[in-house]
Amino acid sequence: VEAPPEGFRTCSVSVDGDTPARHFARPIIFVSARVHPGETPGQFAFLGFLRFLISDDPRAALLRQQFVFKMVPMLNPDGVARGHTRANIGGLDLNRCYGDANPGEHEGVFWVLEWLKHWTQQGELLFYLDMHAHAHTRGCVLYGNRLPSTLSQVWNVAFAKFCELNGPHFDFQGCEFPPNAEKETESCGRACVAALCRLSHAYTLECHYSIGRQAHPLEDPVGLDERCVHPGMNV
């Protein structure tokens with residue numbers, strides 16, 4: 001079984017007294033949403049991704065065979081309950097607190113970071129994605145980090161290109177590595193997790209509130225029969 005980080009043991013959720021199973025040799029993919037309460041398109045994308053993952057689609061089955069998915073649909077439930085746009089119940093922007101998060105003021109963010117560091121120490125964490133929403137660029141874009149290694153940066157940017165090749169809503173031209181306003185976001189989840197956990201693949205996904213860009217046609221992949229080629233297209 002998987003043992004939680006020290007200090008989190010009394011808070012860990014268990015089923016019939018058992019902690020979650022630990023899957024050796026399968027890297028962990030972490031996905032979160034709704035750290036900013038008002039950014040509902042991010043959670044919409046999260047729930048669509050979750051629905052796809054647990055489906056019988058052969059692509060989803062392959063992902064489940066290759067990876068372990070750890071998913072947090074709502075990082076800021078108190079802010080959501082209060083109807084806030086960006087802040088938690090204490091008026092703090094949790095996505096600017098990863099650099100000095102504490103359990104008293106930054107609740108969910110603090111414990112998520114503890115788990116991420118724990119999985120890193122175990123050599124299991126591979127990928128981090130935090131889902132958001134925006135209204136200043138078209139379609140869906142990724143914000144990444146500038147990595148010191150040229151080879152790592154190539155793989156970092158290449159992932160975003162693969163997203164465009166497989167998703168009609170995705171706009172590679174709008175992606176930034178890192179965002180132009182990096183000084184304002186250096187304590188966000190994407191930047192801090194990449195630094196603390198030494199991740200090449202740590203991203204923020206930004207989904208537009210209303211504009212879904214479908215500017216590039218995609219070829220139908222083979223072997224999918226009559227399944228939806230691009231999950232979510234008909235939602």
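Colleague: Hi! Before we start, what does "partly exposed" mean?

Modeller: Hello! Buried means under 20% relative accessible area, exposed means over 50%, and partly exposed lies in between. Arg 86 has a relative accessible area of 34%, so Arg 86 is partly exposed. Keep in mind that we are looking at a predicted model.

Colleague: Thanks! Which residue does Arg 86 meet in a salt bridge?

Modeller: The partner is Glu 39, and the N to O distance between the two side chains is 3.7 Å. The pair links distant parts of the chain, with their positions 47 residues apart. Arg 86 sits in the loop between helices H3 and H4, while Glu 39 is in the loop between E1 and H1.

Colleague: And is Glu 39 buried or exposed?

Modeller: Glu 39 is buried, because its relative accessible area is 8%.

Colleague: Why would two such side chains pair up at all?

Modeller: Side chains of opposite charge can pair when their charged atoms come close.

Colleague: How many salt bridges does the count come to?

Modeller: The count comes to five. One of them joins Glu 114 and Lys 117, whose closest N and O atoms are 3.1 Å apart. These two residues are three apart in helix H4, so about one helical turn separates them. Lys 117 counts as partly exposed, at 29% relative accessibility.

Colleague: What about helix H5, which residues there are separated by about one helical turn?

Modeller: Those are Glu 164 and Lys 161, which are three residues apart in H5. Their side chains meet in a salt bridge, at 2.9 Å from N to O. Glu 164 is buried, with a relative accessible area of 12%, whereas Lys 161 is partly exposed at 34%. Elsewhere, salt bridges that share partners join Glu 39, Arg 86 and Asp 93 into one network.

Colleague: Nice. Let's zoom out: how many helices and strands are there?

Modeller: The protein has seven helices and five strands. Along the sequence, the pattern is β-α-α-β-α-α-β-β-α-α-α-β.

Colleague: And what share of the residues is buried?

Modeller: Of the 235 residues, 43% count as buried. The accessible surface comes to about 12,700 Å², and 56% of that belongs to carbon and sulfur atoms.

Colleague: Can we look at one helix? How many residues does H1 have?

Modeller: Helix H1 has 14 residues, running from 40 to 53. From first C-alpha to last, H1 reaches 20 Å, close to the 20 Å expected. Its buried residues are Pro 41, Gly 42, Gln 43, Phe 46, Phe 52 and Leu 53.

Colleague: What covers those buried residues?

Modeller: The cover includes helix H2 along with strands E1, E2, E3 and E5.

Colleague: Back to the surface. Which residues make the nonpolar patch?

Modeller: Leu 151, Trp 155, Phe 162 and Leu 165 make a nonpolar patch of about 460 Å². Leu 165 is found in helix H5 and counts as partly exposed, at 48% relative accessibility.

Colleague: One last topic: how many disulfides does the structure hold?

Modeller: The structure holds zero disulfides.

Colleague: Why is there no bond from the sulfur of Cys 97 to the one in Cys 192?

Modeller: Those sulfurs are 9.8 Å apart, which is too far for a bond, and Cys 192 has the closest cysteine sulfur to Cys 97. Cys 97 counts as buried, at 8% relative accessibility.

Colleague: And what about Cys 140?

Modeller: Its closest cysteine sulfur is in Cys 207, at 4.0 Å, which is also too far for a bond. The cut-off for a disulfide is sulfur atoms within 2.5 Å.

Notes. Residues numbered from 1 in each chain as written. Predicted model: local features only at pLDDT ≥ 70, side-chain atom pairs only at ≥ 80, totals over all residues. Heavy atoms only, no water. Helix = DSSP H or I, 4+ residues; strand = E, 2+ residues; numbered from the N terminus. Buried < 20%, exposed > 50% of the residue type's maximum accessible area, 1.4 Å probe, protein only. Areas by Shrake-Rupley, 256 points an atom, 1.4 Å probe, with all protein chains shown as cover. Expected span 1.5 Å × (residues − 1). Contact = heavy atoms within 4.5 Å. Patch = residues over 30% accessible without salt bridge, like charges linked within 9 Å, V, L, I, M, F, W, Y side chains within 5 Å. Salt bridge = Lys/Arg side-chain N within 4 Å of Asp/Glu carboxyl O.
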